[in-house]
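I opened this notebook to record what I looked up in one structure. The entries run from the chain as a whole to single residues.

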Amino acid sequence: MVGPQYDCLANPLGAVRSTFDKAMASGSDPSAFNGSDWGALDVFRQFLIDQGSLSQVPVLNPTTIGRIQPDTLVRFRGMIQDMLGNEFYVGAYKNDAVWRTNKFTDFPQFPMGEEPDMRIWERRLLYCVPVPGQNSWTESLSEVLPNGCMDWTSQQREKRPRMDDDASDHMDMVSDDESRSSSGVKKMKGEGHASPSSSSQSKDSKIEGTSSSMIKMPDVDINSLPCLVKIYDCPESELKLNEIFEFIGVFTMNSEVTVAKEDNSEVSDSFFEDELISFPANKVPRLHCLVHKKLEVHDFLHSSPMFEPKPHLVREIRESLLGHLTVILGNDGIAAQFMLLHLLSKVHARVDNVAVGKLSLNLTCLSKESVSVFGNRLNHAVKNLLPFTHCIPLSVEYLNTASLAPKKEYQTNRLIPGVLQLADGSHLIIDETKLEAGTLNSNGVENTRLLKNLTEFQKVEYDFQYYKMDMTTDVQLLIFSEGKSNIVPADLVIPFQPSSADSIDAVSTEAIEAWRWYLATVRSLPHSIETEMQKVIENDLVAARQADRSLGSQDFSRWLTMGRLMSASFGETNLSLEHWQMVKEMERLRRERLK
């Protein structure tokens, strides 16, 4: 146990160093750790989970960053936008015959001598951003700032001795392509100490960059706070590009960089100049991760009206949500039924090149005038219901100028994000009513292909200049257009037929939260089809094929997806005959509208 001198919240580094000292006192050798945990993580798991202290940890965001004390415990929620490879650092070193550790920090507690006995360890660098398209209702989580984290003169903080002329105390090292191609060895920021290049660097994914020292940050939106997360003790497979995580760790802003640069030493200049150019500390805070958790849609909900999707309660919520969608869509009940299934869709499997479970929807017969009413209503409703939403006003100018695909920039060694670099579970509205006659340039043609690829295969092509790579995704697509969209070929095309444009009554907070819970919960329910029901479906598909030879495997696959979603919408995990009949009737009414 950590002694009372160390507060996990206000002084996490004290807790880390205390456990390290105990490990050393028990006779452990730093070489045996090789960067792995020596018991520090257990202390924080006990504090956060067993003692239920997670809610006390302040959230790092643009509102709180100016009030949070450096070297305290924070949590950051975001999407992994870029993977920057691995960084070497001095993990342990001897100071006056006593072993010290630099793990989970950018600067050592004590100065190191000219020829220190040290151990070089490795950590991963992730560039994380707030989830693209995240709606404001998800962000009203507690921004609690405990007194210990606000008191800049807190006595619980360990005092760090000022480093005068030995900037080599921070000997972070990042290997890059140039260093590997030339010597394969990069010197530590110290007295001639060198470290071999990391073997794992050569094995980095094509998406993972390699050198933070080569990266120049673009201007950051003042309303969006990125974060450079440093990962320890974690298999690479646990963290993937575009996934959403909550990282809990030690917050640093590197305010000492300026002080160290004033020392004007050759060593400090070479390191700190890279730091300032690459990731300006006033724009990109650092978080040394102790604990991380992958987040799902449920984690962005403020409350859940129930703990399990009981069918009778789910039916009540379904009925109220369907009624709300019907009013929004001008009393077009059929469009509302399809809209509900669309909002519940998700990719739950991939077979060869087919994304099973997707259900994109194209509402046609919409003009610029009608979309200004019903399109805006629906866009507003989706924003209130789903955590991550986007809207693209498609025009010739937009297609010709937009950067939809992420692109690797080798001069800066960064993956430059594109509009379509989205987290799984995002919803995308494409408004084609603004599209007029015009000429597409090469970029416009490429963007058109990217949108089609996303719709048909749920894949986004990443541009690495010398080659391209398809990355799987899971984005719900809703298209507004006058006629059937040729740019974004949706799974379902339904002519929109509103009968009224009455105003919408205010909806209670309780109802909205119930709908959010409903959409997040039932779309993840398991699904199966009993043997008898399989025979019924098989016979119906054969009869449908005989009656209409134009029907193909894609149509039948869509019907099965709709059957799954219809069952889920009622909180059921098995497809019943009643729900299958409802799907067939919906499809019949839709096809009648298309005639």
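The entries below follow the order in which I consulted the structure.

**Entry 1: the chain.** I noted at the outset that this is a predicted model. I counted 17 helices and 20 strands in the protein chain. Of its 595 residues, buried ones make up 55%. I then took the contacts between residues at least 6 apart in sequence and found that 79% of them join residues at least 24 apart. For the accessible surface I recorded about 26300 Å², with 50% belonging to carbon and sulfur atoms.

**Entry 2: a helix pair.** Two packed helices are described by the angle between their axes and the distance between the axes. I looked up both values for helix 10 (residues 333-344) and helix 16 (residues 553-569): the angle is about 90 degrees, and the axes are 9 Å apart. Helix 10 is therefore roughly perpendicular to helix 16, since angles of 65 to 115 degrees count as such. Helix 10 contributes Phe338, Leu340, Leu341 and Leu344 to the contact, and these meet Met562, Leu565, Met566 and Ser569 of helix 16. I classed the residues of this contact as seven nonpolar, one polar and no charged.

**Entry 3: the nonpolar cores.** Which residues have the most contacts inside the largest nonpolar core? I found Met339, Leu363 and Tyr518, in a core of 50 residues. I followed Tyr518 further: setting aside residues up to four places away in sequence, it touches Val314, Ile317, Arg318, Leu321, Leu340, Leu344 and Ser569. Another core lies apart from the largest one; it has 46 residues, including Phe76, Leu394, Leu477 and Ile479.

**Entry 4: His579.** I located His579 in helix 17 (residues 577-594). Is His579 buried or exposed? Its relative accessible area is 3%, so I entered His579 as buried, the limit being under 20%. Beyond its neighbours within four places in sequence, His579 is in contact with Arg315, Met566, Ser567, Phe570 and Glu572. Met566 also appears in Entry 2, among the helix 16 residues that meet helix 10.

**Entry 5: positive phi.** Most residues other than glycine have a negative phi. I therefore recorded two residues with positive values. Asp71 has a phi near 65 degrees and is placed in the loop between helix 3 (40-50) and strand 1 (73-95). Asn331 also has a positive phi, of about 65 degrees, and is found in the loop between helix 9 (311-328) and helix 10. Their burial I listed separately: Asp71 is buried, at a relative accessible area of 10%, while Asn331 is partly exposed, at 43%.

Technical notes: Residues are numbered from 1 along each chain as its sequence is written. This is a predicted model: local features need pLDDT of at least 70, side-chain atom pairs count only at pLDDT 80 or more; totals for chains, interfaces and linings use all residues. Side-chain values use heavy atoms; hydrogens and water are left out. Axes are lines fitted to C-alpha atoms, for helices over the stretch in contact, and angles run from 0 to 180 degrees between N-to-C directions. Helices (H or I, at least four residues) and strands (E, at least two) are DSSP runs, numbered from the N terminus. Angles under 35 degrees count as roughly parallel, over 145 as roughly antiparallel, 65 to 115 as roughly perpendicular and the rest as oblique. Contact means heavy atoms within 4.5 Å. Ala, Val, Leu, Ile, Met, Phe, Trp, Tyr, Cys and Pro count as nonpolar, Asp, Glu, Lys and Arg as charged, and the others, Gly among them, as polar. A nonpolar core is a set of buried Ala, Val, Leu, Ile, Met, Phe, Trp, Tyr and Cys residues joined through side-chain atoms within 4.5 Å. Buried means under 20% relative accessible area, exposed over 50%, partly exposed in between (1.4 Å probe, protein chains only). Accessible areas come from the Shrake-Rupley method with a 1.4 Å probe; for residues, only the protein chains shown count as cover.
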